[in-house]
Amino acid sequence: MTVAARKTESKLNKENVARVIFFVLALFSVIVVIAIIGYVLYGSIPAFSEIGFFKFLFGTEWLASADSYGVGVLIVGTLALTFTSLLIGGILGVFVAVWIVYYCPERINPDRLKTKNRFAVKCAKILSRVNFKSVFSFLINILAGIPSIVFGLFAYEVVMPALVTVFNQSGTGTGLLPAAIILSIMILPTITSLFRNSLQSLPDEYYEGAIALGATKHQAVWRTMFPAARKGLVSALILGCGRAIGETMAVQMIVGNGSGYPGWFSSFGTLTSNIVKNWGYGSADTLHRSALIADAFVLLVLVLILNVALLLSQRDKSDGGRPLGGVFYRKRKKRLKTEEEDPAAGVPDAGMAYEFAVLGGAGAVRAAAPATAMCREEGVEAAYDGVNSEDGEEYSRSYAKKGGSSMAMHVISWIFAAIVAFILVYLVVWVLVKGLPNISLQFLFGSYSYKSPSISAALVSTLMLIAFALVIAVPLGIAAAIYFTEYSKKGSRVVKTIRVFIDTLAGIPSIIFGIFGYVFLVDICGLGYSLWAGGITLALMVLPTIIRSTEQALLDVPDSVREASYALGAGKVRTIFRVVLPQAMTGIITAIILSIGRILSESAALIFTAGSSGNVMPTGYGSQCASLSVMIYLFMSEGRYFNEAYATAAVVLILVVILNIIIAVIEHCTKKRRK
């Protein structure tokens, strides 16, 4: 064998070994999901066997003193809260997403001002440099990064007292209404961001074609673009529902300690709040602890059902989806079914083209050169030949008179965007005003004492958790992303299966991660409440974020870069590590920053794994210590450290804002470099 042949064989062996390694690491998400389901089910078996599965599922009381455990009422409370918050947050999120994409002005034009006031003109010139669309999107990202415990604090101090006053209620104001309002604000960023991305991914020709064919801007937005993004709308609502159904800490603070069915201003329980409320009491009772884990398993099943619904909603329809046909196509299809009745029957999207032809009038259609050319390319010229010009123009005038609903939707989108902006600004200002005056060097870096609490131990433990979680998650996430982009075949069933498990892992509520961490890491592995257990749990939680963000960054690297490296004699592995990864480094850094933000805002999972001791400085990863977000909950639960809770919330909020600013700067520099 020649030297060249040996080198070639050695290179192929290295490539095969690398492929296997990346594939095994990509399978890690599958193993994690199976392990979570398996171990949570394992911890639930004693409760199911002793209580009875159906008795546990449909039972209406939870009494530890009588060993009577049932989650029927809790399921009702969870579903009622989820769908009420989804109704409010879904409507707000959808309208705000449409407003950001189509109505939010990018910049103010000072030349259009009618006033000659110098101060107003000067302010307009300053504001003309601001990109309002980017600013509003930035605010939505901040809203998504605020820890849930901060929302609970805001609800406890502002929303609940306000609702008690407005509705003339007695008591603290706990109940379904305040919980639904806060939860709707929490899921709004998820729905808004996903639906905004869906709208932005639509081809510009859809909107331009509708305008060219006689529709107004509002009609094009609400009658064409909105139906075209219906698949993204369904996905956004399902993911928002998944976020709502698994929310823990904020819900625990708002719903109260009731055990009955939900009422607008009556305390009730949910699956997640029941776990947090009773976890400390079940430590010595095996059946009680197993019942709480079984509660988590029921929650996990509900989340998995939502993930299956999401997967089904993203499948392509047999008719190709007809994204642009929307309402127009379905209406026309009911009236014109045969070629004798419809001159364009059987032609792809012909019904849609026919409807648009009637909408704008045949003369208007033929005058619209770009739209006509596009329709000719799709083979639907027959639709225009079948339109009577006079009938079309008459229909166009009548349709223009019916644009009131689209105009109303436009006005509503502006109102809802203003409401969301006001809520976000008020929330941020409220936290800063209440918290900043209580921040001092002693509070940040001093020793903890009963009279003078400090978060120095929480700061150290949070940094330790971030470092440890990233050390685990970043290599695993990058390796999985490399396999998907560099080694997998397009359309591979194996890759699709792994992606399903990754999406499932991303949709699992944090409290389920906490229960899994307790059952497997704390109990079975013997790590106890420690930063070891908390860091591993956090690594599993942020792994999907790193995989998806890194994969997108690798896909953005041009293929010509890889081909040039191969042409110079470099192998695949060398090309990946020396050429591709450095090109995608900005995207990887963004993924890391997003993961840090997720770790900063996490509280529920850490209570079950890292513990809730906030007054002792950790001496190593074997120590148990509270993070910053957990400290907010501890200060609140003490009942006498509200100022310290505000101060800790302000610190976390400032860190979240800084992280979002860094991400925005990185994205801006990346876009500028590509141009």
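The side chain of S290 reaches the backbone oxygen of G43 at 2.9 Å. In this predicted model, a polar atom of that side chain also lies 2.9 Å from the backbone nitrogen of A47. The side chain of S290 thus has partners in the backbone of two residues, G43 and A47. Once its neighbours within four places in sequence are set aside, S290 is in contact with G43, S44, P46 and A47. The C-alpha atom of S290 is separated by 9.5 Å from that of V40, although these positions lie 250 residues apart along the chain. S290 is placed in helix α14. Its relative accessible area is 3%, and because values under 20% count as buried, S290 is classed as buried.

From S290 the description may pass to the helix that holds it. Helix α14 covers residues 286-313 and packs with helix α25, residues 510-524. The angle between the two is about 140 degrees, and their axes are 10 Å apart. That angle makes α14 oblique to α25, because the term roughly antiparallel is kept for angles over 145 degrees. The crossing in which α14 passes α25 is left-handed. On the side of α14, the residues that take part are R289, I293, A296, L299 and L300, and they meet I511, I512, I515, Y518 and V519 in α25. By character, the residues of this contact divide into 9 nonpolar, no polar and 1 charged.

Helix α25 leads on to helix α26. The axes of α25 and α26 come within 10 Å and cross at roughly 135 degrees. These two helices are therefore oblique to each other, and their crossing is right-handed. From α25, the residues S510, F513, G514, F516, G517, L521 and V522 meet A533, I536, T537, L540 and M541 in α26. The contact between α25 and α26 comprises 8 nonpolar residues, 4 polar residues and no charged ones. For α25 with α14, by contrast, the division is 9 nonpolar, no polar and 1 charged.

Helix α26, which spans residues 531-555, also contains E551. Is E551 buried or exposed? With a relative accessibility of 6%, E551 counts as buried. The side chain of E551 is joined to that of R499 by a polar contact of 2.6 Å. Apart from residues up to four places away in sequence, E551 touches A481, F484, T485 and R499. R499 is thus both a residue that E551 touches and its partner in the polar contact.

A further residue of interest is R196, which lies in helix α8, residues 176-200. R196 has a relative accessible area of 11% and is therefore buried. Which residue does the side chain of R196 join in a polar contact of 3.2 Å? The partner is S137, through its side chain. When residues up to four places away in sequence are not counted, R196 touches A97, I100, V101 and S137.

Another helix pair is formed by α4, residues 72-103, and α11, residues 230-245. Helices α4 and α11 pack at an angle of about 135 degrees, with a distance of 9 Å between their axes. The two are therefore oblique to each other, and α4 passes α11 in a right-handed crossing. The α4 residues T78, T82, S85, L86, G90 and V94 meet L233, L237, G240, C241, A244 and I245 in α11. In this contact there are 7 nonpolar residues, 5 polar residues and no charged residues.

The chain as a whole provides the setting for these details. Its secondary structure comes to 32 helices and 2 strands. Of its 675 residues, 52% count as buried; S290, E551 and R196 belong to that class. Among contacts in the chain with a separation of 6 or more, 78% are accounted for by residues 24 or more positions apart.

Key
Residues are numbered from 1 along each chain as its sequence is written. This is a predicted model: local features need pLDDT of at least 70, side-chain atom pairs count only at pLDDT 80 or more; totals for chains, interfaces and linings use all residues. Side-chain values use heavy atoms; hydrogens and water are left out. Axes are lines fitted to C-alpha atoms, for helices over the stretch in contact, and angles run from 0 to 180 degrees between N-to-C directions. Helices (H or I, at least four residues) and strands (E, at least two) are DSSP runs, numbered from the N terminus. Angles under 35 degrees count as roughly parallel, over 145 as roughly antiparallel, 65 to 115 as roughly perpendicular and the rest as oblique. A crossing is left-handed if the near helix is turned anticlockwise from the far one by less than a right angle, and right-handed if clockwise. Contact means heavy atoms within 4.5 Å. Ala, Val, Leu, Ile, Met, Phe, Trp, Tyr, Cys and Pro count as nonpolar, Asp, Glu, Lys and Arg as charged, and the others, Gly among them, as polar. Buried means under 20% relative accessible area, exposed over 50%, partly exposed in between (1.4 Å probe, protein chains only). A polar contact is a pair of N or O atoms within 3.5 Å; within protein, one must be able to donate a hydrogen and the other to accept it, and residues adjacent in sequence count only if both atoms are side-chain atoms.
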